[in-house]
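User: Please take a close look at one part of this model. I would like the local geometry, the contacts and the aromatic pairs described in one connected account.

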Amino acid sequence: MNVLCVDQDRTKLRQMKRDAKEIVPDARITVCRDPCKAETVAKAKGCDVLLTNTVFDGSNWDGMILARKIQSVCPRANIIFIADRADTTAAYDAWQIGASAFLLRPYEKQRLAKALANPRFASE
């Protein structure tokens with residue numbers, strides 16, 4: 001399983017990577033702080049799961065734009081959003097694009113484990 005973690009915050013990115021690696025030890029985890037470069041990374045390395053924040057500061061991108069870009073190069077990518085605050089619009093948008101999960105920070109690791117164990121699309 002190829003997991004791509006995208007967040008501008010280094011601390012949050014390290015936590016996502018650490019949690020994903022603990023939950024799925026044999027997964028290949030790639031991290032990216034720049035959402036604009038994540039599409040290129042997904043093309044080069046593949047992406048079965050995208051773990052991403054919903055908001056990127058100082059960028060015209062947000063998690064929904066990133067998810068659509070990743071889905072264009074990896075149509076069977078499972079999208080898991082991790083939001084810093086409750087946002088019903090973002091949650092609804094996530095549901096509309098077929099996200100596998102929408103978690104709020106601080107999330108319970110069991111909820112991330114459940115999202116990773118029950119993906120919308122199976123890894124090939």
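Analyst: What follows goes through the stretch around strand β5, with its flanking loops and the aromatic pairs.

The model is a predicted one. Strand β5 covers residues 101–104, and helix α5 covers 109–117. The loop between β5 and α5 holds proline 106. The peptide bond that leads from arginine 105 into proline 106 is cis, and its omega is near -10°.

On the other side of the strand, serine 100 sits in the loop that runs between α4 (88–96) and β5. Its relative accessibility is 23%, so serine 100 counts as partly exposed, given that buried means under 20% and exposed over 50%. Apart from neighbours within four places in sequence, serine 100 is in contact with Asn78, Ile79, Ile80, Pro119 and Arg120. With one of these, asparagine 78, there is a polar contact from side chain to side chain, at 3.3 Å. For another, arginine 120, the C-alpha atom lies 5.5 Å from that of serine 100, although 20 residues separate the two along the chain.

Next come the aromatic rings. A pair of aromatic rings is described by the distance of the centres and the angle of the planes. The count of aromatic pairs comes to two. In one of them, the ring centres of phenylalanine 81 and phenylalanine 102 are 6.3 Å apart and the planes stand at 50°, so the pair is tilted; the tilted class takes angles that are neither under 30 degrees nor over 60. This pair links distant parts of the chain: phenylalanine 81 belongs to strand β4 (residues 78–83) and phenylalanine 102 to strand β5, 21 residues apart. Phenylalanine 81 has a relative accessible area of 0% and is therefore buried. For phenylalanine 102 the relative accessible area is 21%, which makes the residue partly exposed.

Tyrosine 92 and tryptophan 95 form an aromatic pair as well, again tilted, with 5.7 Å from centre to centre and 35° between the planes. Both residues are in helix α4, and because they are three residues apart there, about one helical turn separates them. Tyrosine 92, at 45% relative accessibility, counts as partly exposed. Tryptophan 95, at 63%, counts as exposed.

In short, the loop before β5 carries serine 100, the loop after the strand carries proline 106, and phenylalanine 102 in β5 itself is paired with phenylalanine 81 in β4.

Methods:
Residues are numbered from 1 along each chain as its sequence is written. This is a predicted model: local features need pLDDT of at least 70, side-chain atom pairs count only at pLDDT 80 or more; totals for chains, interfaces and linings use all residues. Side-chain values use heavy atoms; hydrogens and water are left out. Helices (H or I, at least four residues) and strands (E, at least two) are DSSP runs, numbered from the N terminus. Buried means under 20% relative accessible area, exposed over 50%, partly exposed in between (1.4 Å probe, protein chains only). Contact means heavy atoms within 4.5 Å. A polar contact is a pair of N or O atoms within 3.5 Å; within protein, one must be able to donate a hydrogen and the other to accept it, and residues adjacent in sequence count only if both atoms are side-chain atoms. Rings of Phe, Tyr and Trp (its six-membered ring) pair if their centres lie within 6.5 Å; planes under 30 degrees apart count as stacked, over 60 as edge-to-face and the rest as tilted.
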